Amino acid sequence: MASARSTGSLTRGQLSPLDQLRLFEQKYDPGTRALIDRLGLPSDARCLELGAGAGSMAYWLAGRAERGSVLAVDTDPRHLDAGRAPNLSVRRADVTEEDFGEGAFDLILARAVLEHLPRPDETLARAARWLAPGGLLLVQDFYYLPAEHAATPVSRALVGAYVRRMEQQGADMGWARHLPSALARAGLSGVDGSVAPAGPGQSPQDDELIGTRLRQEGHTLVENGLVTQEELTSFVDALGSPHARDMTTLLVSAWGRRPRA
Ligand SMILES: C[S@@+](CC[C@H](N)C(=O)[O-])C[C@H]1O[C@@H](n2cnc3c(N)ncnc32)[C@H](O)[C@@H]1O
């Protein structure tokens with residue numbers, strides 16, 4: 001009988017980019033929301049979300065900051081609906097180029113965005129200047145643990161291939177480790193952070209995200225000679241079984257506030 005975590009219950013069809021963003025939100029929203037609640041968000045806060053994706057965090061922030069405002073920006077804003085809340089606006093913008101105004105925001109959130117940018121430190125430092133005194137910058141990015149320490153040989157091959165491919169596309173999958181130091185260098189105070197593991201078996205959403213991506217894009221790893229078809233198939237088939245459990249990456253959350261004076 002298939003277990004609750006068996007890949008048999010996972011989506012077998014093709015997931016659209018929007019479906020993938022939504023799956024990502026399902027996995028990461030509870031943690032991000034709990035963190036923002038813990039750090040405190042005034043109901044009149046002016047919020048900016050960089051690279052807002054499919055919008056779930058922006059919509060949630062608009063509810064929390066009901067007397068404030070939320071600006072959700074993305075280079076591809078087609079999944080963002082400004083009609084979801086009266087205090088929400090949406091803008092097509094490249095955060096590496098656009099300026100959002102000195103001292104204009106009480107909260108800036110950037111989740112899984114900066115690691116994809118060519119010079120993430122530079123964008124982080126610019127974002128720090130968009131904070132009002134006392135304002136909070138919360139950045140979340142993935143730090144990939146060394147592939148050679150993965151739990152199984154196939155996992156070692158797959159994780160190594162995935163990280164190499166992301167890096168070929170310009171992402172820096174080690175940058176998240178620098179987050180607290182980058183926030184401090186940007187002049188923020190009260191810098192702190194936390195980590196949460198992700199990977200096969202860490203949650204049903206992890207298995208679905210990993211399985212779906214590999215079913216859709218895994219063939220490119222095979223075509224580029226990074227893994228064999230047998231390795232790929234065996235990895236995907238093992239998702240959901242206890243021996244496939246691994247911690248391949250850590251979501252690093254780091255935050256700091258602009259000093260008041
Ligand atoms: C991995 S998704 C994360 C989406 C959302 N932050 C979340 O956590 O659910 C990365 C998002 O960043 C956006 N993005 C990438 N580069 C960007 C840039 N230079 N300026 C603005 N948005 C960007 C992408 O279009 C995409 O929506």
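An axis here is a line fitted to C-alpha atoms, for a helix over the stretch in contact, and the angle between two axes runs from 0 to 180 degrees between N-to-C directions. With that in hand, here are some close-up views of this predicted model.

**View 1. Helices α6 and α7 pack against each other with their axes 10 Å apart.** The angle between α6 and helix α7 (residues 229-238) is about 175°. That makes α6 roughly antiparallel to α7. On the α6 side, look for Ile-210, Leu-214, Arg-215, Gly-218, His-219 and Val-222; their partners in α7 are Gln-229, Leu-232, Phe-235 and Val-236. Sorted by class, the residues of this contact are 6 nonpolar, 3 polar and 1 charged.

**View 2. Helix α1 meets helix α6.** The axes of α1 (residues 17-39) and α6 (residues 204-223) come within 9 Å, crossing at roughly 155°. That makes α1 roughly antiparallel to α6. The crossing of α1 past α6 is left-handed. From α1, the contact takes in Gln-20, Leu-23, Phe-24, Gln-26 and Lys-27. From α6 come Gln-205, Asp-206, Glu-208, Leu-209, Thr-212, Arg-213, Gln-216 and Glu-217. By class, the contact of α1 with α6 has 3 nonpolar, 5 polar and 5 charged residues.

**View 3. Helix α4 crosses helix α6 at roughly 80°.** Here the axes of α4 (residues 153-168) and α6 come within 11 Å. The two helices are therefore roughly perpendicular to each other. Leu-158, Ala-161, Tyr-162 and Arg-165 are the α4 residues to find, and they meet Arg-213, Leu-214, Glu-217, Thr-220 and Leu-221 in α6. This contact of α4 with α6 divides into 5 nonpolar, 1 polar and 3 charged residues. Some α6 residues may look familiar from the earlier views: Arg-213 and Glu-217 are also among those that meet α1, and Leu-214 is also among those that meet α7.

**View 4. Tyr-28 and Phe-142 form an edge-to-face aromatic pair.** A search of the whole structure finds 4 aromatic pairs, and this is one of them. The ring centres of Tyr-28 and Phe-142 are 5.3 Å apart, with 70° between the planes. Tyr-28 belongs to helix α1 and Phe-142 to strand β5 (residues 131-144), so the pair ties together parts that are 114 residues apart in sequence. Both partners are buried: Tyr-28 has a relative accessible area of 9%, and Phe-142 has one of 7%. Widen the view a little to include Phe-24, which ring pairs link with Tyr-28 and Phe-142 into a cluster. Phe-24 is also one of the α1 residues in the contact with α6.

**View 5. Phe-100 and Trp-130 bring two loops together.** The ring centres lie 4.9 Å apart and the planes stand at 80°, so this pair is edge-to-face. Phe-100 sits in the loop between β3 (88-92) and β4 (105-111), while Trp-130 sits in the loop between α3 (120-129) and β5. The two are 30 residues apart, and the pair links distant parts of the chain. Phe-100 is buried, with a relative accessible area of 9%; Trp-130 is also buried, at 3%.

**View 6. Ala-112 has a positive phi.** Most residues other than glycine have a negative phi. Ala-112 is not a glycine, yet its phi is near 55°. You will find Ala-112 in the loop between β4 and α3. Ala-112 is buried, with a relative accessible area of 18%.

**View 7. Leu-114 touches residues of helix α3 and beyond.** Leu-114 lies in the loop between β4 and α3. Leu-114 is buried, with a relative accessible area of 2%. Leaving aside residues up to four places away in sequence, Leu-114 touches Pro-120, Thr-123, Leu-124, Val-139, Asp-141 and Trp-175. In α3, Pro-120, Thr-123 and Leu-124 are buried, and so are Arg-126, Ala-127 and Ala-128. The cover over the buried residues of α3 includes β1 (46-50), β4, β5 and α5 (179-185). As a ruler for this view, the C-alpha atoms of Leu-114 and Leu-145 are separated by 18 Å, with these positions 31 residues apart along the chain.

Notes. Residues numbered from 1 in each chain as written. Predicted model: local features only at pLDDT ≥ 70, side-chain atom pairs only at ≥ 80, totals over all residues. Heavy atoms only, no water. Helix = DSSP H or I, 4+ residues; strand = E, 2+ residues; numbered from the N terminus. Parallel < 35°, antiparallel > 145°, perpendicular 65-115°, else oblique. Left-handed = near helix turned anticlockwise from the far one by under 90°. Contact = heavy atoms within 4.5 Å. Nonpolar A, V, L, I, M, F, W, Y, C, P; charged D, E, K, R; others polar. Phe/Tyr/Trp six-rings, centres within 6.5 Å; stacked < 30°, edge-to-face > 60°. Buried < 20%, exposed > 50% of the residue type's maximum accessible area, 1.4 Å probe, protein only.
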